[in-house]
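I'm opening a fresh page for this one. I'll jot down what I look up as I go, one stop at a time.

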Amino acid sequence: MRRIAFWSPKGGVGKTTLALNFAAAVYYSGKSVLVCDLDPQQSAVDVFNEKRLPFSVVPNQPQVIPNVDFLLFDYAPSIKDIPTVETIILPMRASILDLKAVNRSHRLVREKRVIRCINAVDTRRHDERVMAMKLYSEGAHLIKDRSIYVRSLALGETVFQQNMYGSRDAQNEFKRLLARVEAGND
Ligand SMILES: Nc1ncnc2c1ncn2[C@@H]1O[C@H](COP(=O)(O)OP(=O)(O)O)[C@@H](O)[C@H]1O
Ligand SMILES: [Mg+2]
């Protein structure tokens, strides 16, 4: 079983969006997955309650760990609650303030495998594009700013359940992230 934390001390950077779409990438690759919503705001549970997700979300860490291929943890934004699992997906925005915050928080998870995801990148903005490409060249994963991410979650779904403009590209962003996690060589 692979355990993956979607964690960042910052709020609103995409932890829940990434956790749910990553879970869908796992599910549609034919593997089993469970999302544990560790945020008291319970946004992932709210999406699940729409009853359209093909996988389950539970409202906290289960007492008995089910036998699944992937166990995902959607964290609350906090530096007090540090993931114990080995792999952390750390979403951030392509901004200097996020980069500074992430560099500071990196120390808290030094021994872990941390995959930085530059999320909601707007490639039309020059500064954002330059920073995203720099971080990409340093090994970060890029996820673009797409309305399909907002729209699908509002419908209680993931981009894997959509068939409109941009959904295929969005799915590929998560398939690539899953392939990278499975390859396990960073
Ligand atoms: N790649 C993206 N493109 C467009 N909007 C996004 C993207 N990722 C997240 N969002 C939006 O940003 C907001 C915050 O995302 P969320 O996943 O709730 O962050 P967190 O869980 O870190 O607080 C939400 O409104 C979400 O729809
Ligand atoms: Mg969240």
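**Entry 1: Asp-39**

Is Asp-39 buried or exposed? Before answering, I note that I'm working with a predicted model. I counted around the residue and found 22 other C-beta atoms within 10 Å of Asp-39. The cut-off for buried is 20 or more, so Asp-39 goes down as buried.

Next I checked where Asp-39 sits, and it is in the loop between strand E2 (33-37) and H2. Leaving out neighbours within four places in sequence, I get contacts from Asp-39 to Asp-74, Tyr-75 and Ala-76. I also looked at Pro-59, which is 20 residues from Asp-39 along the chain. The C-alpha atoms of Asp-39 and Pro-59 are separated by 8.4 Å.

**Entry 2: two odd phi angles**

I stayed in that loop between E2 and H2, because Gln-42 is there too. Its phi is near 55 degrees, a positive value in a residue other than glycine. Gln-42 has 18 C-beta neighbours inside 10 Å, so I list it as partly exposed.

Lys-51 gave me another positive phi in a residue other than glycine, near 65 degrees. I found Lys-51 in the loop between H2 and strand E3 (56-58). How many C-beta neighbours does Lys-51 have inside 10 Å? I get 7, so Lys-51 counts as exposed.

**Entry 3: stepping back to the whole chain**

Time for the overall picture. I have six helices and seven strands in the protein chain. Read along the sequence, the pattern goes β-α-β-α-β-β-β-α-β-α-β-α-α. The radius of gyration of the protein chain is 15 Å, and the globule rule gives 16 Å for 186 residues, so I can call the chain as compact as a globular protein of that length.

I boxed the C-alpha atoms along the principal axes and got roughly 40 × 40 × 30 Å. Of the 186 residues, 40% count as buried. I then took the contacts with a separation of 6 or more, and residues 24 or more positions apart account for 70% of them.

**Entry 4: around ligand 1**

Which residues come nearest to ligand 1? Of the 16 around the ligand, I wrote down Gly-14, Lys-15, Thr-16, Thr-17 and Ala-120. Helix H1 (15-28), strand E6 (113-121) and helix H5 (147-154) each give at least two residues to this shell. By class, I sorted the shell into six nonpolar, seven polar and three charged residues.

**Entry 5: helix H5**

Since H5 turned up in the shell around ligand 1, I looked along the helix. Ile-148, Tyr-149, Ser-152 and Leu-153 are buried in H5. Seen down the axis, the buried residues of H5 fall within an arc of 125 degrees, so they line one face of the helix. On the other side of H5 I found Ser-147, Val-150 and Ala-154 exposed.

What covers the buried residues of H5? My list includes H1, helix H2 (43-48) and helix H6 (167-183). Just after H5, I noted a positive phi of about 80 degrees at Gly-156.

**Entry 6: helix H4**

I went on to helix H4 (residues 126-137), which has 12 residues. From its first C-alpha to its last, H4 reaches 17 Å, close to the 16 Å expected at 1.5 Å a residue. Its buried residues are Met-131, Ala-132 and Leu-135. They cover an arc of only 100 degrees around the axis, which puts them on the same side of H4.

On the other side of H4, I have His-126, Val-130 and Ser-137 as exposed. E6 and strand E7 (141-144) are among what covers the buried residues of H4. Gly-139, just after H4, takes a positive phi of about 105 degrees.

**Entry 7: Tyr-27**

Last stop for today. Where is Tyr-27? I found Tyr-27 in helix H1. With 18 C-beta neighbours inside 10 Å, Tyr-27 counts as partly exposed. Not counting residues up to four places away in sequence, I see Tyr-27 touching Val-33, Pro-54 and Phe-55. I also checked Phe-160, which is 133 residues from Tyr-27 in sequence. In space, the two are 9.7 Å apart, C-alpha to C-alpha.

Conventions
Residues are numbered from 1 along each chain as its sequence is written. Chains are lettered from A and ligands numbered from 1 in the order in which they are written. This is a predicted model: local features need pLDDT of at least 70, side-chain atom pairs count only at pLDDT 80 or more; totals for chains, interfaces and linings use all residues. A residue is near a molecule or strand if its C-beta atom, placed from the backbone, lies within 6 Å of it. Helices (H or I, at least four residues) and strands (E, at least two) are DSSP runs, numbered from the N terminus. Ala, Val, Leu, Ile, Met, Phe, Trp, Tyr, Cys and Pro count as nonpolar, Asp, Glu, Lys and Arg as charged, and the others, Gly among them, as polar. A residue is buried if 20 or more other C-beta atoms lie within 10 Å of its own, exposed if 12 or fewer, and partly exposed in between; C-beta atoms are placed from the backbone. The arc is that of the directions from the helix axis to the C-beta atoms. Two residues are in contact if their C-beta atoms, placed from the backbone, lie within 7 Å. The expected span of a helix is 1.5 Å times one less than its number of residues. The radius of gyration is taken over C-alpha atoms; the globule rule is 2.2 Å times the number of residues to the power 0.38.
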